[in-house]
Amino acid sequence: DAGGQLIELSTIDKMNPGSHFQDRYRKARLGENNAFPIFLGWKLRPVRREGLGLEEWFDTQIRKKYAPWEVEQEYPATENEALAPSKTRAFIDVESLERMTLDIIPNSLPVELHEKYDQFVMIYKPALPGQKYTVFTDPSDGITDPHATIVLDSRTLEVVATSHGKCPADLCAVIHDDLCRYYNKAYNTFELNSMAGGKFAQTLADLKPTNQHQQSKERVGWWTSRTSRREMWWSVEEAVRRGTVRVHNPSIIDELRYIILPEGGEPQCPRSGHDDWITALGGALVINKSAPIGTATVSSFKYRESR
């Protein structure tokens, strides 16, 4: 920082995803420090042994000699493989996350909301007439953590739109409300825990929102307790493992890769990681279970079979 140059080189300790080096490296990827990240994968050397291709060398010299956890730690081929926790400690099934990448859509649809909030909002599927949607927002103060908003198709569990980034809580509330109105007055709520949640709630109340989920009769908004957090995070784990949820935003998948499950403990993100996406997605999945399915009235009556 004083004008010199520091070159750091390290392998990754997958059993310690919150290490100092990994903390600095992740922050460098996000532009949160002045370091420049460079990843060197095992395939960088074009030849490992004369007469053997790289894949053949890997299969005969590495896979057969080392345990799977040693292979994934010492021979990552990509940056994501290197930074992801060991499969033995990963909270979200790694193979399921890989399958989810097939649904990634790189660009937003050029609808009005994306043009209005192009720095934050991504629209992957437009609102369909008569379709039901669920929205959950994890607000931010715009300084330390980014906010995250998930728009979920209530029937198919497809994430059709997202909002993400560092913006003040009042702007976050406006984006949330606009997304709810665009998606057919979506069933919605937001996390209330932090000071940002209080500012968000105040701004949202002034906008006179509709179709809000009530966690309790005493307050508007969602209070994440230890119990509800467990339900939210495990709902994401189950939905990803069973393939019932589809996402198109790659940053959601990236965050889910790094959530770990310590032996005998609760799932958690690394020290330098964020949990805004898993909170928003988990919240949307949980409240979607109580979303109204329609406005039709159901009646019962007796009938007599005619001959």
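**Exercise 1. Two neighbouring tyrosines**

Tyr182 has a relative accessible area of 29%; decide whether Tyr182 is buried, partly exposed or exposed, and then do likewise for Tyr183 at 0%.

*Solution.* The model is predicted.
Step 1: the buried class ends under 20% and the exposed class starts over 50%.
Step 2: the 29% of Tyr182 falls between these limits, so Tyr182 is partly exposed.
Step 3: the 0% of Tyr183 is under the lower limit, so Tyr183 counts as buried.

**Exercise 2. Aromatic pairs**

State how many aromatic pairs there are, and describe the geometry of Phe136 with Trp222 and of Tyr182 with Tyr183.

*Solution.* Step 1: the count is ten aromatic pairs.
Step 2: the ring centres of Phe136 and Trp222 are 6.3 Å apart, with 75° between the planes. Planes over 60 degrees apart count as edge-to-face, and this pair is edge-to-face.
Step 3: Phe136 belongs to strand 2 (residues 133–138), whereas Trp222 sits in the loop between helix 8 (195–206) and helix 9, so the pair ties together parts 86 residues apart in sequence.
Step 4: both Phe136 and Trp222 are buried.
Step 5: Tyr182 and Tyr183 also form an edge-to-face pair, at 4.8 Å centre to centre and 85° between the planes.
Step 6: ring pairs also join Trp42, Trp57, Phe58 and Tyr75 into a cluster.

**Exercise 3. The largest pocket**

Give the volume of the largest pocket, then describe its lining by residue, element and class.

*Solution.* Step 1: the volume is about 990 Å³.
Step 2: the lining has 34 residues, and Glu8, Leu9, Phe21, Tyr25 and Ile38 are the closest to the pocket centre.
Step 3: the elements that give two or more residues to this lining are helix 1 (20–29), helix 3 (68–74) and helix 4 (79–83). Helix 1 gives the most, with four residues.
Step 4: by class, the lining of the largest pocket has 19 nonpolar, eight polar and seven charged residues.

**Exercise 4. The second largest pocket**

Carry out the analysis for the second largest pocket: volume, central residues, elements and classes.

*Solution.* Step 1: the volume is about 570 Å³.
Step 2: 25 residues line the second largest pocket, and the closest to its centre are Glu72, Pro76, Glu81, Lys87 and Val94.
Step 3: two or more residues each come from helix 2 (54–63), helix 3, helix 4 and helix 5 (94–100). Helix 5 gives the most, with four residues.
Step 4: the lining of the second largest pocket divides into 13 nonpolar, two polar and ten charged residues.

**Exercise 5. Nonpolar cores**

Which residues of the largest nonpolar core touch the most other members, and which element gives the most to this core?

*Solution.* Step 1: the largest nonpolar core has 32 residues, and Ile150, Val236, Val240 and Leu256 touch the most other members.
Step 2: at least two residues each are supplied by helix 5, strand 3 (147–153), helix 9 (226–242), helix 10 (250–257) and helix 11 (276–288).
Step 3: helix 11 gives the most to this core, with eight residues.
Step 4: take Leu256. Leaving out residues up to four places away in sequence, Leu256 touches Ile92, Leu97, Val236, Val240 and Ile278.
Step 5: there is also a second, separate core of 25 residues, and Val160, Ala161, Cys167 and Cys180 are among them.

**Exercise 6. Helix 1**

List the buried residues of helix 1, name an element that covers them, and describe the glycine that follows the helix.

*Solution.* Step 1: Phe21, Gln22, Asp23, Tyr25, Arg26 and Ala28 are the buried residues of helix 1.
Step 2: helix 4 is part of what covers them.
Step 3: Gly31 follows helix 1 and has a positive phi, near 75°.

**Exercise 7. Glu55**

Place Glu55 in an element, classify its exposure and give its C-alpha separation from Lys43.

*Solution.* Step 1: Glu55 lies in helix 2.
Step 2: with a relative accessible area of 41%, Glu55 is partly exposed.
Step 3: Glu55 and Lys43 are twelve residues apart along the chain, and their C-alpha atoms are separated by 9.1 Å.

**Exercise 8. The whole protein**

Summarise the secondary structure, extent, burial and contacts of the protein.

*Solution.* Step 1: the protein has eleven helices and five strands.
Step 2: the C-alpha trace spans about 80 × 70 × 40 Å along its principal axes.
Step 3: 44% of the 307 residues count as buried.
Step 4: among contacts with a separation of 6 or more, 68% join residues 24 or more positions apart.

Key: Residues are numbered from 1 along each chain as its sequence is written. This is a predicted model: local features need pLDDT of at least 70, side-chain atom pairs count only at pLDDT 80 or more; totals for chains, interfaces and linings use all residues. Side-chain values use heavy atoms; hydrogens and water are left out. On a 1 Å grid over the protein atoms alone, a cavity is a set of points where a 1.4 Å probe fits but cannot get out, and a pocket is an open set with protein on both sides within 12 Å along at least five of seven lines; lining residues have an atom within 4 Å of a point. Grid points are joined across faces, edges and corners, and a volume is the space filled by probe spheres set on the points. Ala, Val, Leu, Ile, Met, Phe, Trp, Tyr, Cys and Pro count as nonpolar, Asp, Glu, Lys and Arg as charged, and the others, Gly among them, as polar. A nonpolar core is a set of buried Ala, Val, Leu, Ile, Met, Phe, Trp, Tyr and Cys residues joined through side-chain atoms within 4.5 Å. Buried means under 20% relative accessible area, exposed over 50%, partly exposed in between (1.4 Å probe, protein chains only). Contact means heavy atoms within 4.5 Å. Rings of Phe, Tyr and Trp (its six-membered ring) pair if their centres lie within 6.5 Å; planes under 30 degrees apart count as stacked, over 60 as edge-to-face and the rest as tilted.
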